[in-house]
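Let's take a walk through this one together, from a single residue out to the whole fold and then into the ligand sites. Have the sequence and the 3D view open side by side.

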Amino acid sequence: MKIACLAGDGIGPEIMAEALKVLDALDIAGIELAHADVGGTAYKKHGQPLPPETLEVAKWADGVLFGAVGDPSCDSLERHLRPEQAILRLRQALTLFANLRPATMFPGLEDMSALRPEVAREIDLLIVRELNGDVYFGEKAIRTLDDGRRQGFDFMSYAEDEVRRIAHVAFRAAMGRGKKLCSVDKANVLETSQLWRDVVVETAKEYPEVELSHMYVDNAAMQLVRNPGQFDVVVTGNLFGDILSDQASMCVGSIGLLASASLGEDQTEYGTKGLYEPIHGSAPDIAGTGKANPMAMILSLAMLLRHSLGLEEQAARVEAAVAKALEDGVKGADLGGNSGTAEVGDAVLARL
Ligand code: NAD
Ligand code: IPM
Ligand code: MN
């Protein structure tokens, strides 16, 4: 069972260390680990954010455990050299088009939600974010118009097969949960969204048991804080999914809690090949202070065990240990507590 560890920048290595402690404690026979540089760290050492060796290690692995990339000192580099390109290229090169971002309220954490506890208590949703298309990967540039003005543009598009394959993932996820699917778009303004909606409706014919609804993204942002309990599975494009998942994290209590799995169609010997990462970034504002919450990273490891290695029992054990630590009041600064990164990791270990 091959795992690639790409810790990256900022708090990436700090939270990765805690996830690896958990992996070690599980004592799973036959795990092979490989580490590689990625992001700003890789740029500084090798002159590029995703060196070919790192891509090779990611291709070799059954599951990639990814920390975070992003370094303020790299923000004015040419775009193709910036740390963020590493994660975008990995998603593209491995055809990881389905990004699962679950957000569920942990018992005992209701008071930490940005929402009222009685509203927050109801949260149990899964955002299925398309990850290989949209305005992220279209033609983009800053150009100079004939009259001398600079213009920035990013081409937004979805081809029907790209929508269909993510719709199938979302419908199947809904079948395994509450059988409700809400497709979020902006079809009242965008043609890209109109096609999205048409294809989702076509795909729905194959899933008669799933109750399908559609919502404009502005309303979805509002409904997510008004009544998040109404959502079961949400399927949406790359950009809207990026934004709504950060928002969902604060409904649950902290961005330091939300894990994600990025999957494609490649199967490994044990499951589906995937990349697993917290939804948050490298948090440069707290990097090096020991304040980062490693729970999202640890929960990403649990998703890797489940989806790529077929180790459901171990995945559930890790998730239960995180939930128990939270229930027992183990909280980092992001949750109003004072446990440091390693302390939170140790508390999870103690409950495994
Ligand atoms: P961010 O998610 O890194 O941080 C936003 C805020 O949340 C910060 O105040 C940070 O301290 C806090 N935070 C994030 N994770 C936390 C954790 N585990 N524990 C406690 N607090 C946490 O977003 P940003 O500040 O907009 O971006 C910083 C850098 O990260 C940028 O370069 C950005 O491009 C990059 N980024 C990378 C990824 C990724 O690697 N997948 C995701 C998002 C942003
Ligand atoms: C995320 C991040 C990335 C994204 C960035 C770092 C490219 O925000 O994983 O949510 O926008 O997809
Ligand atoms: Mn994001």
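Does Ala-58 count as buried or exposed? Keep in mind as you look that this is a predicted model. Ala-58 comes out at 0% relative accessibility, so it counts as buried; the cut-off for that label is under 20%. You'll find Ala-58 in helix 3, which runs over residues 52–60. Leaving aside residues up to four places away in sequence, Ala-58 touches Ala-4, Val-64, Leu-90, Leu-94 and Lys-273. For a sense of scale, try drawing a line from Ala-58 to Pro-208: they sit 150 residues apart along the chain, and their C-alpha atoms are separated by 38 Å.

Now zoom out. The protein has 12 helices and 12 strands. Its radius of gyration is 20 Å, close to the 20 Å that the globule rule gives for 352 residues, so the protein is as compact as a globular protein of that length. If you lay the C-alpha trace along its principal axes, it spans about 55 × 50 × 40 Å. Ala-58 has plenty of company in being buried, since that label applies to 53% of the 352 residues. What about the contacts that hold a separation of 6 or more? Residues 24 or more positions apart account for 74% of them. As for the outside, the protein exposes about 15,000 Å², and carbon and sulfur atoms supply 50% of that.

On to the ligands, beginning with ligand 1. There are 21 residues around ligand 1, and the ones that come nearest are Glu-84, Gly-281, Ala-283, Asp-285 and Asn-293. Sorted by character, the shell around ligand 1 divides into 10 nonpolar, six polar and five charged residues. The backbone has a part here too. A backbone N or O atom of Val-69 lies 2.9 Å from an oxygen atom of ligand 1, and Ala-283 also places a backbone N or O atom 2.9 Å from a ligand 1 oxygen. For Ser-282, the distance from a backbone N or O atom to an oxygen of ligand 1 is 3.1 Å. On its own, ligand 1 has 800 Å² of accessible area, and the protein covers 69% of it.

Asn-293, from that nearest group, deserves a closer look. Asn-293 sits in the loop between strand 12 (272–278) and helix 10 (295–307). With 5% relative accessibility, Asn-293 counts as buried. A polar atom of the Asn-293 side chain lies 2.9 Å from the backbone nitrogen of Met-295. Beyond residues up to four places away in sequence, Asn-293 touches Ile-15, Gly-256, Leu-257, His-280, Asp-334, Leu-335 and Val-344.

Finally, swing over to ligand 2. Its surroundings are Glu-84, Leu-88, Arg-91, Arg-101, Arg-129, Tyr-136, Asp-242 and Ile-279. You've met Glu-84 already, among the residues that come nearest to ligand 1. Which side chains put a polar atom by an oxygen of ligand 2? Tyr-136 does so at 2.5 Å, Arg-129 at 2.8 Å and Arg-101 at 3.1 Å. Ligand 2 has 320 Å² of accessible area on its own, and the protein covers 77% of that.

Notes: Residues numbered from 1 in each chain as written. Chains lettered and ligands numbered in written order. Predicted model: local features only at pLDDT ≥ 70, side-chain atom pairs only at ≥ 80, totals over all residues. Heavy atoms only, no water. Near = heavy atom within 4 Å. Polar contact = N/O pair within 3.5 Å; in protein donor to acceptor, adjacent residues only side chain to side chain. Areas by Shrake-Rupley, 256 points an atom, 1.4 Å probe, with all protein chains shown as cover. Nonpolar A, V, L, I, M, F, W, Y, C, P; charged D, E, K, R; others polar. Helix = DSSP H or I, 4+ residues; strand = E, 2+ residues; numbered from the N terminus. Rg over C-alpha atoms; globule rule 2.2 N^0.38 Å. Buried < 20%, exposed > 50% of the residue type's maximum accessible area, 1.4 Å probe, protein only. Contact = heavy atoms within 4.5 Å.
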